[in-house]
Amino acid sequence: MGAQGYSSEEFRRMVDRSNTIAGWVLFGGIIALGGGIVSGKVFHEERPEKMGYPIEGVETAGGEGESGPSIATLLASADPAKGEAVFKKCMACHTINQGGASGIGPNLYGVVGKAHGHVAGFAYSDALKGVPGNWTFEALNEWLTSPRKYASGTKMTFAGLGNPEDRANIIAYLNAQGSNLPLPVADAAPAATEIAATPAPTENEAAPAAH
């Protein structure tokens with residue numbers, strides 16, 4: 001007699017049946033796993049390039065190849081009053097009144113046209129001091145688009161203004177605070193494309209035969 005009173009033959013059959021069941025369970029698991037892998041490859045979607053939610057008051061910077069009017073054209077119709085409203089985003093770090101003290105950022109009175117790092121005593125980053133040239137209208141536009149792109153390694157943490165009209169308005173406001181430089185000339189409008197008219201048939205051209 002086998003285990004628990006079964007005959008050897010009965011015990012062998014029970015073992016064979018158990019092995020068969022275990023084999024089918026294992027086979028089913030393999031099939032399910034393989035199906036999951038295949039379906040994952042078929043229905044796989046790439047992770048979206050942009051994730052999360054925008055933070056109010058902080059706009060994403062315009063990307064490379066940004067199309068649209070130039071800063072010169074935008075400044076021609078810019079509104080300093082609207083720029084003053086946009087500048088409220090900057091007041092946590094900057095003052096703009098004449099003789100105002102620097103805070104986290106330097107005082108910005110008369111900044112347009114001045115050299116980078118012109119405020120005496122303010123600890124500018126080496127990244128910004130290393131940028132050649134002055135704060136021209138074009139330079140300010142690039143800086144406000146993305147400070148990190150304009151001066152890689154800058155201590156400025158503001159992400160930038162993605163709206164070109166906002167940038168133009170705030171630059172016009174900055175210019176009105178002690179700089180008062182003449183605004184650049186707007187770009188000339190592109191010439192209208194001439195549409196060629198279909199020439200009328202001449203008298204020498206034979207009329208098509210009637211059908």
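1. Helices, as the word is used in this note, are DSSP runs of H or I that cover at least four residues, numbered from the N terminus. On that footing Asp126 and Lys129 both belong to helix 4 (residues 126–129), where they stand 3 residues apart, about one turn of the helix. The model discussed here is a predicted one.

2. An α-helix has 3.6 residues a turn, so residues three or four places apart point the same way. Asp126 and Lys129 form a salt bridge, with 3.6 Å between the closest N and O atoms, and a search of the whole structure finds 1 salt bridge. As for the surroundings of this pair, Asp126 counts as exposed because its relative accessibility is 62%, where over 50% is required, whereas Lys129, at 49%, counts as partly exposed.

3. Helix 7 (residues 164–176) passes a simple check of its geometry: at 1.5 Å a residue its 13 residues should span 18 Å, and the end C-alpha atoms are 19 Å apart, which agrees. At the N-terminal end, Asn163 acts as a cap, a side-chain oxygen lying 2.8 Å from the backbone nitrogen of Glu165. Just after the helix, Gly178 takes a positive phi of about 95 degrees.

4. Is helix 7 largely enclosed or not enclosed by the rest of the structure? Because 10 of its 13 residues are buried, helix 7 is largely enclosed. The buried residues include Asp166, Arg167 and Asn169 as well as Ile170, Ile171 and Leu174, and the packing partners of the buried residues are helix 2 (71–76), helix 3 (80–87) and helix 5 (137–145).

5. The largest nonpolar core has 31 residues, and those with the most contacts inside it are Leu75, Phe87, Trp135, Tyr150, Ile170 and Ile171. Helix 2, helix 3, helix 5 and helix 7 each supply at least two residues of this core, and the largest share, 6 residues, comes from helix 7. In soluble globular proteins, nonpolar side chains tend to be buried together.

6. Two residues merit a closer look at their contacts. Trp135, leaving aside residues up to four places away in sequence, touches a set of residues that includes Val111, Val112, Gly113, His116, His118, Leu140, Trp143 and Tyr150. Asn175, which lies in helix 7, is buried with a relative accessible area of 6%, and under the same sequence exclusion Asn175 touches Val112, Phe137, Asn180, Leu181 and Leu183.

Key: Residues are numbered from 1 along each chain as its sequence is written. This is a predicted model: local features need pLDDT of at least 70, side-chain atom pairs count only at pLDDT 80 or more; totals for chains, interfaces and linings use all residues. Side-chain values use heavy atoms; hydrogens and water are left out. The expected span of a helix is 1.5 Å times one less than its number of residues. Buried means under 20% relative accessible area, exposed over 50%, partly exposed in between (1.4 Å probe, protein chains only). Contact means heavy atoms within 4.5 Å. A polar contact is a pair of N or O atoms within 3.5 Å; within protein, one must be able to donate a hydrogen and the other to accept it, and residues adjacent in sequence count only if both atoms are side-chain atoms. A salt bridge is a side-chain nitrogen of Lys or Arg within 4 Å of a carboxyl oxygen of Asp or Glu. A nonpolar core is a set of buried Ala, Val, Leu, Ile, Met, Phe, Trp, Tyr and Cys residues joined through side-chain atoms within 4.5 Å.
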